Amino acid sequence: MTKNEKDIHQHRKDEHLSLALKYWREGKNQTSGLTFSDLRLLPNSLPELSVNEVSLKTQFLGEDFAFPFYIEAMTGGTARADRLNEQLAHIAKNQQLALAVGSQSIALKFPELASGFKKVREIHPNGFLFANLGAGHDLENAKRAVDMIEANALELHINTAQELPMDEGDRAFYWLDNIHEIASKLEVPVVVKEVGFGMAQKTFKQLSQTAVAGINVGGAGGTNFAWIERKRSKNGFNVDDFGLSTVESLFEAKAAGNQKQLVATGGISKAEDIFKSLCLGADLASSAGFILSTLMQENGAEKVEATLAQWKADLAKFLVLTGCQNRSELAQVEFLYSANALNFLQQRQGKIY
Ligand SMILES: Cc1cc2nc3c(=O)[nH]c(=O)nc-3n(C[C@H](O)[C@H](O)[C@H](O)COP(=O)(O)O)c2cc1C
């Protein structure tokens with residue numbers, strides 16, 4: 001590898017951070033898909049419950065998660081990215097949260113960049129950490145990524161709609177057999193994740209035939225990599241409004257009869273979003289863009305921690321509001337669907353539930 005290739009890779013990482021932040025703040029993350037506002041909670045005026053009685057404890061990949069949320073994969077491998085990961089690791093440790101690092105492919109290519117990723121494990125020694133790689137990497141690389149941070153699980157990202165608008169992006173996507181091979185042989189569980197374009201029923205069905213332990217729907221409605229990559233590139237391929245939102249992807253998981261553990265990511269920016277995701281069948285929710293945007297304010301780390309503390313308190317209140325004592329009762333929560341949500345459900349399920 002030449003120095004030039006390393007510079008190009010690092011420049012892309014830093015550009016992703018700058019552009020994701022800029023466009024999140026400018027609101028360039030909206031698509032025409034369903035949002036959490038398309039689902040209204042029905043009142044339960046006699047909950048017969050206290051906030052002290054409720055628990056959102058969840059088991060995910062064999063571990064207990066007291067709070068069903070973690071910080072999603074963003075970055076690593078440049079000075080700026082490593083500083084950000086260090087901050088995120090401190091926050092995750094203080095809040096007892098899991099954390100996913102960004103793609104480690106840069107550190108597999110340039111091993112001198114692994115130290116920044118390793119720092120995350122040093123800061124959060126007992127935390128649940130997700131390693132992260134693209135789904136085209138082989139088993140050997142998957143093992144190296146996991147070993148690098150002593151990860152508890154590996155996220156394999158699938159991102160066709162991000163690669164195609166990139167001038168330097170991939171153009172061939174044969175991932176399914178590889179995903180199964182890695183998930184079958186790796187010593188830690190594998191979660192397949194989209195990066196903001198969501199998943200339709202077919203994908204859940206295909207993944208149901210593999211050894212992956214979990215699926216992260218990575219829906220549209222938050223960070224929009226089609227927009228980010230189009231602004232970085234010259235080829236003009238425009239899929240700004242492509243994909244299924246997080247809500248729609250969760251509907252699709254249900255319609256496909258998904259049995260894998262499920263993560264809701266994509267535009268999660270308040271406790272209500274997490275709560276509704278859990279009601280729609282997610283085991284956990286996670287955020288990238290919202291956390292980045294909050295962290296990059298003055299006293300950002302404090303603001304992120306205050307927000308997470310607020311979300312924990314708010315989630316317990318949502319349980320009481322809907323008369324649920326624990327996670328297993330959330331499937332019974334009833335919604336009033338917007339006309340758009342009804343339309344989606346009719347088209348995609350042939351029936352309304
Ligand atoms: C700056 C930035 C960099 C990202 N890099 C990665 C990555 O390296 N690997 C990955 O799987 N996802 C990556 N993502 C995608 C997120 O993990 C997440 O799937 C996506 O941003 C949607 O969530 P959000 O709307 O909460 O941002 C990145 C997101 C951001 C904002």
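**Notes on strands, salt bridges and charged spots**

1. Let's start with strand β6, where both faces are covered: Leu129, Ala131 and Leu133 are buried on one side, and Phe130, Asn132 and Gly134 are buried on the other. Keep in mind as you look around that this is a predicted model. Taken as a whole, β6 spans residues 129-134, and six of its six residues are buried. As background, side chains in a regular strand alternate between the two faces of the sheet.

2. Who are the neighbours of β6? Strand β5 (residues 98-100) runs parallel to β6, and two bridges join them. To find this pairing on your screen, look for Ala100, which stands opposite Phe130 in β6. Strand β7 (residues 153-158) also pairs with β6 in the parallel sense, this time over five bridges. Here a handy marker is Asn132, whose bridge partner in β7 is Glu155.

3. Now hop over to strand β11 (residues 284-287). Which of its residues are buried on each side? Leu284 and Ser286 are buried on one side, while Ala285 and Ser287 are buried on the other, so both faces of β11 are covered. Strand β4 (residues 69-71) runs parallel to β11 and is joined to it by three bridges; in this pairing, Phe69 stands opposite Ala285. Strand β10 (residues 261-265) pairs with β11 as well, again in the parallel sense and over three bridges. For that pairing, look for Val263, which stands opposite Leu284.

4. On to charges. How many salt bridges does a search of the whole structure find? The count is 13. The general idea is that side chains of opposite charge can pair when their charged atoms come close. One example is Lys6 with Glu112, whose side chains meet at 2.7 Å, N to O. Lys6 lies in helix α1 (residues 3-25) and Glu112 in the loop between α3 (105-109) and α4 (114-123), so this pair ties together parts that are 106 residues apart in sequence. Glu112 is partly exposed, with a relative accessible area of 47%.

5. Two further pairs are worth a click. The side chains of Lys28 and Glu26 meet in a salt bridge at 3.1 Å, N to O. Lys28 is partly exposed, at 28% relative accessible area, and Glu26 is partly exposed too, at 41%. Then there is Lys270, which forms a salt bridge with Asp273, the closest N and O atoms being 3.4 Å apart. Is Asp273 buried or exposed? Asp273 counts as buried, because its relative accessibility is 3% and the cut-off for buried is under 20%. Its partner Lys270 is partly exposed, with a relative accessible area of 40%.

6. Salt bridges can also be followed from residue to residue here. Arg12, Glu15, Glu168, Glu229 and Arg232 are linked in a network of them. Try displaying these five side chains together.

7. Which residues gather in a patch of negative charge on the surface? They are Asp138, Glu140, Asp147, Glu150 and Glu187. Glu140 lies in helix α5 (residues 139-149) and is partly exposed, with a relative accessible area of 47%. Glu150, another member of the patch, is found in the loop between α5 and β7 and is exposed, with a relative accessible area of 57%.

8. Glu150 deserves a second look for its backbone. Most residues other than glycine have a negative phi. Glu150, however, has a positive phi of about 45° although it is not a glycine. Glu48 is another case: its phi is near 55°, a positive value in a residue other than glycine. Where does Glu48 lie? You will find Glu48 in the loop between β1 (39-41) and β2 (58-60), and it is exposed, with a relative accessible area of 69%.

9. One last distance to try for yourself. Glu181 has its place in helix α7 (residues 176-185) and is partly exposed, with a relative accessible area of 32%. Along the chain, Glu181 and Lys231 are 50 residues apart, and their C-alpha atoms are separated by 35 Å.

Conventions. Residues are numbered from 1 along each chain as its sequence is written. This is a predicted model: local features need pLDDT of at least 70, side-chain atom pairs count only at pLDDT 80 or more; totals for chains, interfaces and linings use all residues. Side-chain values use heavy atoms; hydrogens and water are left out. Patches are made of residues with over 30% relative accessible area and no salt bridge: like charges are joined within 9 Å, nonpolar side chains (Val, Leu, Ile, Met, Phe, Trp, Tyr) within 5 Å. Accessible areas come from the Shrake-Rupley method with a 1.4 Å probe; for residues, only the protein chains shown count as cover. A salt bridge is a side-chain nitrogen of Lys or Arg within 4 Å of a carboxyl oxygen of Asp or Glu. Lys and Arg count as positive and Asp and Glu as negative; His and the chain ends are not counted. The place of a charge is taken as NZ of Lys, CZ of Arg, CG of Asp or CD of Glu. Helices (H or I, at least four residues) and strands (E, at least two) are DSSP runs, numbered from the N terminus. Buried means under 20% relative accessible area, exposed over 50%, partly exposed in between (1.4 Å probe, protein chains only). Two strands pair if DSSP finds at least two bridges between them.
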